[in-house]
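Please consider the covalent and ionic contacts of the following structure, and then its surface patches. The account proceeds from the sulfur chemistry to the charged pairs and ends at the exterior.

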Amino acid sequence: MKAALYITPLIALAAAPVAAELDTMTIQNLPLSAEENRLVCYDSASGKLGNCPGRETSISVDCNLPAASITDAIEKATTAAGVALTVNISGTCNETLEIERPNTLLLGDGTATIVAQKTSLGAITVITGPVEMENLVVAGGTGPGITVWPGGSLFPNDVTITSEKTALSAFGGKAVLIQGNDVSSSGTDNHAVVARDGGSVYMGSNNTLSSPTTFASTNATLGIYRGSSVTVQGDGNQISNTDPGLDSLALKLTQGAHFRQEKGHSVLNGGVRIINMSSADFRDVEIEGDIFAKIFASLHFEDQDSDGVPTDTV
């Protein structure tokens with residue numbers, strides 16, 4: 001794809017503002033608050049969640065059985081204060097989840113699937129946190145996949161999230177994509193991932209975001225809007241707009257949004273649009289598309305290699 005860089009006169013070509021970091025840096029260099037650092041259980045050797053002391057309570061839900069329900073199982077589970085709950089899931093669960101219980105791990109068997117039944121709510125709504133997910137498929141169908149509301153925090157690891165609408169939305173909440181997540185939207189007017197209204201998304205390693213969003217829709221595979229932020233902390237992340245048009249967008253920022261690539265190599269297949277006092281900071285990236293920046297936008301490229309060899313390709 002032929003690429004071009006468009007910068008209007010109102011551009012400040014300088015380092016992007018950096019959002020305030022949280023208390024600690026653990027899990028794949030991803031930031032956790034002090035409370036999340038205490039509660040989220042992650043074994044760096046195996047790359048799996050749940051392998052740490054304190055997760056004494058575990059329940060199982062086999063959705064191949066009649067009347068099996070993740071919602072009912074969580075509501076009936078009793079745990080001591082501060083003790084994590086692991087929900088072992090198998091089969092295909094046809095239900096819409098609203099998770100209000102903090103410190104919950106939804107642990108699939110590799111083929112376990114949650115399929116939305118209320119299209120207006122999608123498959124999963126996260127109201128509190130931390131909520132962890134691993135080895136699951138989440139299908140939003142004609143509704144959204146997963147929505148994280150203010151006060152909620154989501155930690156998916158090796159999770160596939162699909163939807164005809166936006167697959168993953170941090171609507172004032174926080175989503176931490178640890179590693180190996182595949183997030184996709186099949187709708188032409190929707191995002192794979194979006195952060196809105198002060199929401200934040202952190203990406204660890206080897207996450208794939210994809211959608212066929214067209215330029216005419218003004219959306220992108222990864223959308224960051226209204227004071228929200230996305231920070232990339234790991235290697236091997238790919239953000240792809242699968243629409244073949246030259247104007248298709250992989251990344252869009254507007255209204256005081258921030259994108260910062262801090263570590264690792266990333267690939268963006270599609271254009272980049274930065275407008276309305278937003279900023280993007282790239283350190284080791286391949287961009288297969290045009291870059292368009294205007295209205296007090298900030299765009300910064302910085303080589304990551306210590307030998308000074310350029311690492312950014314547009």
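The disulfide of Cys 63 and Cys 93 is right-handed, because the torsion about its S-S bond is about 95 degrees. Cys 63 belongs to the loop between strand 6 (57–62) and helix 2, and Cys 93 to strand 8 (residues 92–94), so the bond ties together parts that are 30 residues apart in sequence. The two sulfur atoms are 1.9 Å apart, where a disulfide is defined as a pair of cysteine sulfur atoms within 2.5 Å. The structure holds one such bond. Helices (H or I, at least four residues) and strands (E, at least two) are DSSP runs, numbered from the N terminus.

The model is predicted: local features need pLDDT of at least 70, side-chain atom pairs count only at pLDDT 80 or more, and totals for chains, interfaces and linings use all residues. Residues are numbered from 1 along each chain as its sequence is written, and side-chain values use heavy atoms, with hydrogens and water left out.

Are the two cysteines buried or exposed? Cys 63 counts as buried because its relative accessibility is 13%, and Cys 93 counts as buried at 1%. Here buried means under 20% relative accessible area, exposed means over 50%, and partly exposed lies in between (1.4 Å probe, protein chains only).

Attention now turns to the charged side chains. The structure holds five salt bridges, each defined as a side-chain nitrogen of Lys or Arg within 4 Å of a carboxyl oxygen of Asp or Glu. Arg 260, Glu 262 and Asp 281 are linked in a network of these contacts. Within the network, the side chains of Arg 260 and Glu 262 meet at 3.0 Å, N to O, and both residues are buried. Arg 260 also forms a salt bridge with Asp 281, at 2.3 Å from N to O. This second pair links distant parts of the chain, as Arg 260 lies in strand 26 (residues 258–261) and Asp 281 in strand 29 (residues 279–282), 21 residues apart. Arg 260 is classed as buried because its relative accessible area is 16%; Asp 281, at 1% relative accessibility, is likewise buried.

A further salt bridge joins the side chains of Glu 302 and Arg 283 (3.4 Å, N to O). Glu 302 is in the segment after strand 32 and Arg 283 in the loop between strand 29 and strand 30 (285–288), so this pair also links distant parts of the chain, 19 residues apart. Glu 302 is partly exposed at 30% relative accessibility, whereas Arg 283 is buried at 19%.

On the surface, which residues gather in a patch of negative charge? They are Asp 72, Glu 75, Glu 98 and Glu 100. Patches are made of residues with over 30% relative accessible area and no salt bridge, like charges being joined within 9 Å and nonpolar side chains (Val, Leu, Ile, Met, Phe, Trp, Tyr) within 5 Å. Glu 75 lies in helix 2 (residues 70–76) and counts as exposed because its relative accessibility is 62%.

A nonpolar patch is formed by Met 277, Ile 295 and Phe 296, which together have about 330 Å² of accessible area. Phe 296 is found in the loop between strand 31 (291–294) and strand 32 (298–301), and its relative accessibility of 53% is why Phe 296 counts as exposed.

Terms used:
Accessible areas come from the Shrake-Rupley method with a 1.4 Å probe; for residues, only the protein chains shown count as cover. Lys and Arg count as positive and Asp and Glu as negative; His and the chain ends are not counted. The place of a charge is taken as NZ of Lys, CZ of Arg, CG of Asp or CD of Glu.
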